[in-house]
Amino acid sequence: MSETALKTRIKALIETAGPISVADYMGLCLADPQHGYYMRREPFGTSGDFTTAPEVSQMFGELIGAWCLEVWSGLGRPEKLNLVELGPGRGTLMADVLRVARLDPGFCAAAHVHLVETSPRLRSAQEQTLAAAPLPRTWHETLESVPEGPTILVANEFFDALPIRQYVLASGNWHERVVGLDRGSGDLMFAAGPARLDTAGLPEDIANPKARGIGDGAILETQPVANAIAGDIAARLTRHGGAALVIDYGYERTAIGDTLQALERHAFADPFANPGEADITAHVNFEALARAAREEGAAIHGPMTQGDFLVALGLLERAGSLGSGKDVAVQERIRDDVERLAAPDQMGTLFKVLAFSSRCPAPRPFPG
Ligand code: SAH
């Protein structure tokens with residue numbers, strides 16, 4: 001198979017300017033204005049590359065809609081509210097949220113929807129999905145242009161799409177992992193670059209890998225972009241009140257390991273095979289996200305697993321009422337969707353939910 005246009009360009013770039021960081025590689029694959037994955041491909045659904053929770057079932061977004069109403073009450077029902085979503089995909093989650101939220105006229109009068117989306121193609125998909133929505137809405141390239149004020153924010157499978165940095169242990173030191181060219185074949189390959197990780201403030205085993213028996217070749221990841229965005233969100237919540245819900249696949253404690261993954265048509269792929277045509281993501285470090293938010297003064301809730309979170313919000317009751325009076329095939333489909341969202345061997349455990357909130361007012365973003 002011939003290589004993608006983006007691969008030809010990345011190889012030429014490395015040829016002239018030298019190896020690039022994993023973060024730059026990810027950024028080019030996902031967001032290159034001409035050939036980036038989110039700019040061109042239809043990622044979602046059975047014919048796409050992956051299926052997200054809101055695309056599995058309307059119950060996911062409806063429960064989050066109920067969550068939004070709860071949090072708004074906990075904030076003292078502010079008269080003006082920013083309802084923000086980061087990376088809204090096809091707009092399905094927000095449409096389901098609004099179907100529930102519109103049950104409260106006070107909420108509808110207060111809320112303005114802000115959608116943060118970099119892809120013009122997905123933005124028009126969102127415009128279509130939300131065409132009949134009862135609330136005013138505005139699109140933004142980044143969170144920065146969303147006005148300040150009391151905020152409820154949701155981000156499902158957004159943080160995994162942000163560029164990570166990787167470090168590889170070589171001769172006992174963490175060197176930034178880069179993407180270069182194989183001298184023989186001319187193909188893309190990973191290498192250890194000259195830059196070294198600043199280990200100040202890192203957990204002891206990671207700062208001193210040798211002492212802990214971590215061998216050369218081990219990979220460590222950092223997520224500076226994700227942490228910066230979490231910090232920005234937290235600072236807004238601290239200033240004006242509000243809560244944010246982050247749902248994603250990831251890990252709860254900083255650990256060694258390579259989680260960079262490419263996904264094409266629902267199967268793992270080589271991240272160098274078809275840049276721009278495969279989704280490329282990394283697992284989210286929830287400990288680091290929580291730390292970034294805490295440093296900006298937010299209260300941290302969780303993380304808890306998606307399965308526990310949805311069940312606590314009433315997933316089983318919602319499934320029961322959705323299926324009541326329907327035929328057996330529909331009821332079976334709803335049961336399958338519940339399994340898919342909440343069972344430990346499906347999305348229930350790999351996906352985590354982390355909330356940050358203002359301390360004053362102090363909404364209670366976690367059930368129970
Ligand atoms: N939340 C949706 C889509 C997840 S896919 C769902 O659950 O179905 C990731 C989404 O984030 C896409 O809409 C993608 O275009 C968007 N995105 C990726 N990087 C972004 C960035 N840096 N800023 C804003 N949106 C981004």
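1. In this predicted model, strands β10 (residues 242–251) and β16 are paired in the antiparallel sense, with 7 bridges between them. Within this pairing, Tyr249 is placed opposite Phe351 of β16. A further antiparallel pairing, over 5 bridges, joins β16 to strand β15 (residues 299–305). Here Met304 has Val353 of β16 as its bridge partner.

2. Strand β16 spans residues 351–357, and 7 of its 7 residues are buried, so the strand is largely enclosed by the rest of the structure. The covering applies to both faces: Phe351, Val353, Ala355 and Ser357 are buried on one side, and Lys352, Leu354 and Phe356 are buried on the other.

3. Lys352 deserves separate comment as a charged residue of strand β16. Which side chain of opposite charge is nearest to Lys352? That side chain belongs to Glu252, at 4.7 Å, and Lys352 is buried without a salt bridge. The cut-off for a salt bridge is 4 Å between a side-chain nitrogen of Lys or Arg and a carboxyl oxygen of Asp or Glu. The side chain of Lys352 instead reaches two backbone oxygens, that of Gly250 at 3.1 Å and that of Leu350 at 3.2 Å. Beyond its neighbours within four places in sequence, Lys352 has contacts that include Val246, Ile247, Asp248, Phe286, Pro303 and Met304.

4. Glu117 is located in the loop that runs between β3 (111–116) and α8 (120–129). Glu117 too is buried and has no salt bridge, and the nearest side chain of opposite charge, that of Arg121, is 8.2 Å away. Its polar surroundings include the backbone nitrogen of Ser119, which lies 2.9 Å from a polar atom of the Glu117 side chain. The side chains of Glu117 and Gln126 also make a polar contact, at 2.9 Å. When neighbours within four places in sequence are set aside, the residues in contact with Glu117 include Gly87, Pro88, Gly89, Trp139, His140 and Glu141.

5. Glu117 also belongs to the surroundings of the ligand: of the 17 residues around the ligand, those that come nearest are Thr52, Gly87, Gly89, Glu117 and Asn156. An N or O atom in the side chain of Thr52 is 2.6 Å from an oxygen atom of the ligand. For Asn156, the corresponding side-chain distance to a ligand oxygen is 2.7 Å. Gly89 takes part through its backbone, where an N or O atom lies 3.0 Å from an oxygen atom of the ligand.

6. Asp49 sits in the loop between α3 (37–40) and α4 (53–56). Is Asp49 buried or exposed? Its relative accessible area is 0%, so Asp49 is buried. Although Asp49 and Arg265 are 216 residues apart in sequence, their C-alpha atoms are 3.9 Å apart in space. The side chain of Asp49 reaches the backbone nitrogen of Arg265 at 2.6 Å, and it makes a polar contact with the side chain of Arg41 at 2.8 Å. Other residues in contact with Asp49 include Tyr37, Glu42, Pro43, Leu263, His266 and Glu277.

7. The structure has a count of 17 salt bridges. One of them joins the side chains of Asp187 and Lys7, at 3.4 Å from N to O. This pair links distant parts of the chain, 180 residues apart: Asp187 is in the loop between β7 (173–181) and β8 (188–196), and Lys7 is in helix α1 (residues 5–17). Asp187 is partly exposed at 30% relative accessibility, whereas Lys7 is buried at 7%.

8. Glu62 and Arg99 form another salt bridge, with their closest N and O atoms 3.0 Å apart. Glu62 is in helix α5 (residues 58–74) and Arg99 in helix α6, so the pair ties together parts 37 residues apart in sequence. Glu62 is buried, at 4% relative accessibility, whereas Arg99 is partly exposed, at 39%. Helix α6 (residues 92–101) is itself mostly covered, with 8 of its 10 residues buried. Among the buried residues are Leu93, Met94, Val97 and Leu98.

9. A salt bridge within a helix is found between the side chains of Arg123 and Glu127, at 3.5 Å from N to O. These residues are 4 apart in helix α8, which means that about one helical turn separates them. Arg123 is partly exposed at 35% relative accessibility, and Glu127 is likewise partly exposed at 35%. Elsewhere, Glu42, Glu55, Arg90 and Arg121 are joined into one network by salt bridges that share partners.

Terms used:
Residues are numbered from 1 along each chain as its sequence is written. This is a predicted model: local features need pLDDT of at least 70, side-chain atom pairs count only at pLDDT 80 or more; totals for chains, interfaces and linings use all residues. Side-chain values use heavy atoms; hydrogens and water are left out. Buried means under 20% relative accessible area, exposed over 50%, partly exposed in between (1.4 Å probe, protein chains only). Helices (H or I, at least four residues) and strands (E, at least two) are DSSP runs, numbered from the N terminus. Two strands pair if DSSP finds at least two bridges between them. A polar contact is a pair of N or O atoms within 3.5 Å; within protein, one must be able to donate a hydrogen and the other to accept it, and residues adjacent in sequence count only if both atoms are side-chain atoms. Contact means heavy atoms within 4.5 Å. A residue is near a molecule or strand if one of its heavy atoms lies within 4 Å of it.
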